[in-house]
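Reader: I have not looked at this one before. Can you take me through it?

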Amino acid sequence: MENQNIITRNTPQTAPAGPLAGRIALVAGATRGAGRAQAVELGRAGATVYVTGRTTRARASEVGRTTETLEETAELVAAAGGVGIAVPTDHLDEAQVRALVERVDREYGRLDILVNDLWGGEHLMATSVFGKKSWETPLADGLRILELGVRSHVITAALLLPLLIRSDAPLHVEVTDGTAHSNRRFRENMYYDLAKNAPIRLAFGLGQELAEYGGTAVAVSPGFLRSEQMLSHFGVGEENWRDAIAQQPEFAIAESPRYLARALVALATDPDRAERWNGKSTSSGELARVYGVTDVDGSRPDAWAYFEDVYYGGKEGSAEDYR
């Protein structure tokens with residue numbers, strides 16, 4: 001088991017301030033992508049944020065990327081104004097998650113916000129999953145997708161929720177790919193379909209259980225995400241991401257990871273969030289409309305509406321019409 005005490009706490013130069021000051025958050029799967037962005041924006045709002053994942057400066061996960069690390073995420077949280085605490089954790093290892101729970105309990109005694117953004121299965125998609133029937137998918141790879149996308153989420157929720165219900169306003173967020181509405185379509189492969197629908201049902205079920213504690217459980221989905229991995233795939237960076245549209249026209253609707261993260265902070269600071277969202281599934285685009293959030297370029301992309309209307313529905317329109 002990895003030593004969970006080797007990484008020090010990262011603190012801002014001044015005491016955290018903002019609408020989430022004093023709140024304790026944990027983002028599971030915060031090494032990169034939407035998880036990292038959500039951790040940073042929670043810190044920007046003043047929260048103390050535990051960040052977990054498997055890639056550190058000393059060790060890479062099976063994803064195989066060394067360009068983003070957990071330590072860096074914690075440093076970014078502190079630079080944004082929050083407290084960032086990096087705890088290397090494999091959320092498929094029950095003992096490691098229990099040690100994480102014990103640490104949070106010892107240091108703060110509760111959680112206020114739990115973001116379950118675990119995944120790490122992109123390396124299996126192109127070679128083992130997309131374009132293949134379930135019986136053509138290597139069984140080991142299919143089962144690994146279910147471990148990464150379902151079992152890790154269940155372990156995390158089961159062990160951390162007892163800390164969350166100590167909060168006066170518990171918020172549990174399941175991050176997935178697609179909403180309940182968009183995922184009514186088959187997601188190309190049985191294993192992937194299961195992995196990305198399970199968090200939606202988790203949020204629904206946990207919403208029933210958290211209701212008596214005044215809590216909220218919600219499933220959220222980014223749209224076409226300009227994650228570090230996706231940008232690398234197209235050979236572009238955030239500064240020139242539009243160059244990738246020539247390779248894939250649908251990338252015109254892409255959004256930065258900060259878009260969902262900003263929407264999450266708006267949700268987390270909404271006193272009426274339980275009434276609005278408990279047990280439901282939503283997207284960055286919908287949350288942005290409700291809360292008036294924009295992406296880093298000032299636009300408000302709604303990728304799932306674009307795909308529903310134009311890509312699948314045949315409606316006349318362009319990505320720009322949905323920004």
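Author: We can talk about the sheet, then a pocket. Keep in mind that this is a predicted model.

Reader: Fine. In what order do the strands of the sheet run?

Author: The order is S1-S4-S3-S2-S5-S6-S7-S8. That makes an open sheet of eight strands, with mixed pairing.

Reader: Which are the edge strands?

Author: Strand S1 (9-10) and strand S8 (281-283), each of which pairs on one side only.

Reader: And S6 and S7, parallel or antiparallel?

Author: Parallel, over five bridges. Strand S6 covers residues 171-175 and strand S7 covers residues 216-221. Val-175 has Val-220 in S7 as its bridge partner.

Reader: Which strands does helix H6 touch?

Author: H6, residues 190-210, packs on the sheet and touches S6, S7 and S8. Its direction makes about 165° with that of S7.

Reader: Now the pocket. How much space lies in the second largest pocket?

Author: About 330 Å³. The second largest pocket is lined by 16 residues, and the closest to its centre are Arg-36, Ala-37, Glu-228, Pro-257 and Arg-258.

Reader: Which elements give two or more residues to that lining?

Author: Four helices: H1 (33-44), H2 (70-80), H7 (228-234) and H8 (257-268).

Reader: Where does the largest share come from?

Author: From H1, with six residues.

Reader: What classes of residue are in the lining?

Author: Seven nonpolar, seven charged and two polar residues.

Terms used. Residues numbered from 1 in each chain as written. Predicted model: local features only at pLDDT ≥ 70, side-chain atom pairs only at ≥ 80, totals over all residues. Heavy atoms only, no water. 1 Å grid on protein atoms, 1.4 Å probe; cavity = no way out; pocket = protein on both sides within 12 Å on 5 of 7 lines; lining within 4 Å. Points joined across faces, edges and corners; volume = space filled by probe spheres on them. Nonpolar A, V, L, I, M, F, W, Y, C, P; charged D, E, K, R; others polar. Pairing = 2+ DSSP bridges. Contact = heavy atoms within 4.5 Å. Axes fitted to C-alpha atoms, helices over the stretch in contact; angles between N-to-C directions.
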